[in-house]
Amino acid sequence: RPASVGLAGQQPVDITRYLLARGVLGASIAPDGKTVAFSDRVTGEPQLWTVNASGGWATQLSFGSGISDFHWKPDGTGLLITRDTDGDEREGYYLLTADGTQESEVLPASDAYRSFGMFSADGEQFIYASTERNGRDFDLYVYDFRDQSSRRIYEANFGFFAQAWQPGGALVLVDETRGEDANDVHLLNVDTGVMTPLFTPDVAAYHGSYQWTPDGRGFYMASNQDRDRAALAFYDLASGQLRYLETPSGVVEEVALSHDGRYLAWVVNNEGVSQLAVRDLKDNRDITVPTMPRGVLRISFARSANALQLTVRAPKIPGDVLVWNLEKNDIKRAFRSNLAGINPAVLVEPESLRYPARDGELLHGFLYRPKVTSPGTSAPVVVRVHGGPTSQARPVYRAQTQYLVNKGVAVFDVNVRGSTGFGKRFSRLDNQEKRLDSVRDLVDTVDFLSTQPGIDTERAGVMGGSYGGYMVNAVLGEYPDVFAVGASFVGVSNWVRALEEASPGLKASDRIEYGDIREQKWKDFYLDNSPINNAHRIKVPLFVEHGVNDPRDPVQESDSIVRTVRDGGGEVTYLRFPDEGHGIAKQENLVTFNRQLSEFLERHLLERDSLDSNKPEAQ
């Protein structure tokens, strides 16, 4: 097989080493800007840690079952953490003191799905959405710590989610789901329960990353209302006017405002790469920002200090956290990624490539090329399809990608039509009846890759999770001669069942993205256009993974396609985790999954003789 590149001066390593390279899973700066809370899987499951904003030794705060989310109380005395059960996404809420010594139950886990909103300014209350009433609709509730009770303040239909509480006031900005890439916006008075529509455009639009001014007179946000790409906007409550402040060629995706209203920061997504901008509103000048790696940024200000948290991810950075004190113009690294001894020189930066589909639509992807191959040979390639579909392939560290590239397999992280980051027109090109156009894009992607030097598309694989898993199932059956191997994770095989049994949060958006499955028109469409119909045509080796507790795509979706392919004589490796959901949270399971997946891909793409083997593998 092609020469491998592993650790500096050592033999090639097992993929476990790449999995041990770690960064933060999520991070949040404390209200006073002096501490950063973050989640990390180093102990085996995601747990909560804190570290000084200037860096230093981190302290673990949560233990036992892993957490799924966390939020600082406004006074910084504690954090609200959430936990589900083995990936079922039905979370209980718990209050943890800032030193981790005391934990108390706030809302026990139940059959209801919940979505945390935010705390009130005094921290005595918080607002959240829950399906408690009927199991489908996300009503809005306020929890009061003083009497430890919840009261329903708004009875909803489908998906309503609280986003930002007016400082010192009773108004809360609420998103109403309107498809996967759009939302209407309402103002909810938490005292009266009155909901007032704010943005309900005829053409569905995205609004988000809301930042109220300290006086509550208006808010900054990212929006693509009446335009294709999201820009930086301000809405004035008194006049009812929406005004665009910055309209870059890329997509504004994050906005942050300092507690005193002086500093405004925003992030622009340029074909997947983040660009930071910061403005001093008091002096009306743009601030020179530090040079950032070519990757993805997340930003947030401390609640009561002019400290800007920057979470940085890039192909060689699994997840760093920086804290920028804007008043002192001082930047500290609170958390540094650990590459587990891997020489960063062997990690590959991708090429950003644009190319046309057969109908002329421009597609996009990041190509990770092996640095070392045998002279005169070409590398096999794996096309990686993101989930969503309203998501985006971006240049971040992925253990499986870097491992494969260092083994001599190229990886193409593709953005087919329907991906975000390229405007709302592009993200809606796969809606409803146009669903299969994005599947066809994968065929055109292979055609494009065949023109790239050093890429062997006769040995092309395709892999993806969630919606990407659907894409794998679909393309292998619809176009059985394009790929030599496929790997599908938590993917859909029967759209009728998947849409009927999806979790409530998905049902709220699925009606627009896919069509309302309660209507016979759409039931008939998906009966005819589900991957299970062509699964008997899949003859290439297939790798499948699914968590039994998946609330988004029922595990029966993978059970069915595995059974159908095997019944047709196809070869399938199936990992069915009893303690996972729509994703893999536990480190032990991640190791098992990635080891078997990498061995599967290497065997079928690097060892050519095995392509002719029809011997089925044991589950």
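In the predicted model, R394 lies in the loop that connects β31 (379-385) with α2 (399-406). The relative accessible area of R394 is 9%; because the cut-off for a buried residue is under 20%, R394 counts as buried. The side chain of R394 forms a polar contact with the side chain of S274, at 3.2 Å. When residues up to four places away in sequence are left out, R394 touches E253, N269, G272, V273, S274, V296, R298, F366, Y368 and D413. S274 thus appears both in this set of neighbours and as a polar partner of R394.

The protein that holds this loop contains ten helices and 36 strands. Its radius of gyration is 24 Å, close to the 25 Å given by the globule rule for 619 residues, so the protein is as compact as a globular protein of that length. The C-alpha trace spans about 70 × 60 × 50 Å along the principal axes. Among contacts with a separation of 6 or more, 54% are between residues 24 or more positions apart.

Burial and surface composition were computed for the whole protein. Of the 619 residues, 60% count as buried, and R394 is buried as well. The protein exposes about 24000 Å², of which carbon and sulfur atoms supply 44%. The protein carries 65 positive and 84 negative charges, and the mean positions of these two sets are 4 Å apart.

Notes. Residues numbered from 1 in each chain as written. Predicted model: local features only at pLDDT ≥ 70, side-chain atom pairs only at ≥ 80, totals over all residues. Heavy atoms only, no water. Helix = DSSP H or I, 4+ residues; strand = E, 2+ residues; numbered from the N terminus. Rg over C-alpha atoms; globule rule 2.2 N^0.38 Å. Buried < 20%, exposed > 50% of the residue type's maximum accessible area, 1.4 Å probe, protein only. Contact = heavy atoms within 4.5 Å. Areas by Shrake-Rupley, 256 points an atom, 1.4 Å probe, with all protein chains shown as cover. Lys, Arg positive; Asp, Glu negative; His and termini not counted. Charge placed at Lys NZ, Arg CZ, Asp CG, Glu CD. Polar contact = N/O pair within 3.5 Å; in protein donor to acceptor, adjacent residues only side chain to side chain.
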